[in-house]
Amino acid sequence: MKPVEIAGVWKFYGDFPALRDITFDVEPGASMALLGRNGAGKTTLLRMLAGLSRPGRGTIRICGTDARDRMTRRSIGILGHGISLYEELSAIENLRLFARIYGVEDADAAASEWLERTGLEKVRDGLVREFSRGMRQRLAVARAFLHSPSVLLLDEPFTALDDRAIALLQSLLRDAIAEGRTVVLSTHQLREALELATHVALLVRGRLAYTGERTGEMLEDTGWLYRQYGEPQSVTA
Amino acid sequence: MNPPAGPPMKAPHLSFFRQASTVAWKDLRSELRTKEALNASFAFALVILLLFSIAFEPTEDETRQISGGLLWLVFAFAGALILNRSFARELANDCLDALIAAPMSGAALFLGKTLANFVLLSAVEFVCLPVFGVLYNVSWTHQFWPLAGVIALGTWGLTVVGTVFSALTVNLRLRELMLPMLVYPILIPCLLAAMQLTGPLVLGDPYTAELSQMLRLLVAFDVIFSALSLALIETVMVR
């Protein structure tokens with residue numbers, strides 16, 4: 001059973017096909033970097049993997065079941081564009097809330113543990129609206145990892161992170177991959193993504209232009225993949 | 001490679017009401033900290049009560065006869081302010097995505113939100129009642145418990161329908177306008193029954209067979225719309 005299986009997936013916004021016949025799998029313990037320019041369909045695909053949107057055609061299976069299955073959603077951790085935290089609640093209240101929703105047996109202990117792991121234990125009772133951007137991002141990372149998901153879906157996870165939060169996230173992702181968890185992340189930050197990735201998928205205007213293992217060539221020259229399989233760059237005077 | 005085990009999880013069948021109560025607690029806590037919807041709703045309700053008391057002569061018998069209707073108009077208008085915020089507060093920081101992606105049925109999310117809205121709207125109503133009593137010279141405490149029951153049933157109908165449409169209109173630019181436009185026509189049977197029942201109760205009039213029919217209508221409305229909403233909310237939220 002593969003953690004992520006995508007077969008013949010199309011997604012339409014009105015008549016416009018945002019994704020066209022996407023098919024690929026992600027192996028257990030793999031880290032898939034989902035690459036592509038703005039509007040390529042990365043976020044759309046990640047939203048469908050997270051069960052936030054339904055495919056127009058085709059099937060998406062997470063751990064062998066439908067992405068909207070309740071038990072399947074327990075095994076997914078998502079870090080999207082927004083931090084998905086409540087400004088009026090404190091850090092501990094936010095984590096406790098999501099731990100309870102995810103059915104974590106000892107929600108208080110899990111919330112406290114993740115506040116400590118993200119270096120936020122001193123501000124545990126502080127309201128999120130009073131936090132700096134970096135603190136919010138670290139708390140968002142804690143929320144995504146809180147229930148120890150076996151599949152992590154990350155949409156532009158390094159965007160707007162400060163150095164400390166980037167280091168924390170990279171360390172957590174390395175640990176997660178080492179533990180056999182599966183990671184799918186979309187990003188424009190090729191260097192960070194390719195260092196973590198074991199596999200790469202390149203989307204070009206909603207089509208899958210390339211999928212396969214991340215090679216040393218890609219790491220040495222981060223623009224190589226786009227030059228080989230991406231759209232030709234338009235040259236302006 | 002087998003996927004790694006996560007922390008111990010609770011049995012799913014036990015978690016429906018736990019999740020619903022967690023969502024309700026979260027909404028109430030957030031609202032009590034900001035008091036955005038609550039203050040607006042209180043202020044709006046008191047202003048309408050005052051304006052109605054100026055527009056209609058409160059001591060006249062005819063006005064007293066329609067006082068139940070006036071009271072429910074106030075509740076419905078003030079309630080729209082609370083209901084509008086219900087799902088709109090989830091838009092900040094993409095919190096709604098996190099809730100939809102979580103292993104929680106749409107029904108649990110809906111029930112939690114409806115319970116929170118019910119508590120908030122009930123609070124507004126029970127502050128409005130004494131003001132209403134003073135402005136309309138009505139001794140509304142004569143049949144307090146039957147009145148409280150009718151208000152609870154009417155408020156439940158209002159919040160159930162309002163919460164569903166709050167979810168449906170959350171991504172619309174004109175949601176503040178669209179919510180009342182969509183909700184009020186559907187609420188006509190509920191408001192009609194609640195108005196018919198409330199009038200005699202606040203005036204201390206005896207219970208009649210016609211009122212019994214209205215009570216059945218109100219209960220049926222609540223049951224039907226609660227069941228429909230719980231069944232359809234998942235479709236409303238995931239597109």
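Here are some questions and answers about this predicted model.

Me: How many residues of chain A and of chain B take part in the contact?
Reply: Happy to help! Two residues are in contact if their C-beta atoms, placed from the backbone, lie within 7 Å. On that basis, the contact takes 42 residues from chain A and 33 residues from chain B.

Me: Which element gives the largest share of the side of chain B that touches chain A?
Reply: Start with the elements of chain B that give two or more residues to this side: α1 (12-34) and α5 (95-101). The largest share is 10 residues, and the helix or strand it comes from is α1(B).

Me: How do the residues of that side of chain B divide into nonpolar, polar and charged?
Reply: Let's go through the groups in turn. On the side of chain B that touches chain A, the charged residues number 8 and the polar ones 9. The nonpolar residues there number 16.

Me: How many residues of helix α3 of chain A are buried?
Reply: A residue is buried if 20 or more other C-beta atoms lie within 10 Å of its own. In α3(A), the residues that pass include A:Ala91, A:Glu93, A:Phe98 and A:Ile101. The helix spans residues 91-101 and is mostly covered, with a buried count of 11 of 11.

Me: Which residue just after α3(A) takes a positive phi?
Reply: Look just past the end of that helix. The phi there is about 75 degrees, and the residue is A:Gly103.

Me: Which element of chain B has the highest mean pLDDT?
Reply: Chain B as a whole averages 89, with 92% of the residues scoring at least 70. Among its elements, helix α3 (residues 61-65) has the lowest mean, 74. The highest mean, 95, belongs to helix α7 (residues 144-168) of chain B.

Note on methods: Residues are numbered from 1 along each chain as its sequence is written. Chains are lettered from A and ligands numbered from 1 in the order in which they are written. This is a predicted model: local features need pLDDT of at least 70, side-chain atom pairs count only at pLDDT 80 or more; totals for chains, interfaces and linings use all residues. Helices (H or I, at least four residues) and strands (E, at least two) are DSSP runs, numbered from the N terminus. Ala, Val, Leu, Ile, Met, Phe, Trp, Tyr, Cys and Pro count as nonpolar, Asp, Glu, Lys and Arg as charged, and the others, Gly among them, as polar. A residue is buried if 20 or more other C-beta atoms lie within 10 Å of its own, exposed if 12 or fewer, and partly exposed in between; C-beta atoms are placed from the backbone. pLDDT is the predictor's confidence in each residue, from 0 to 100.
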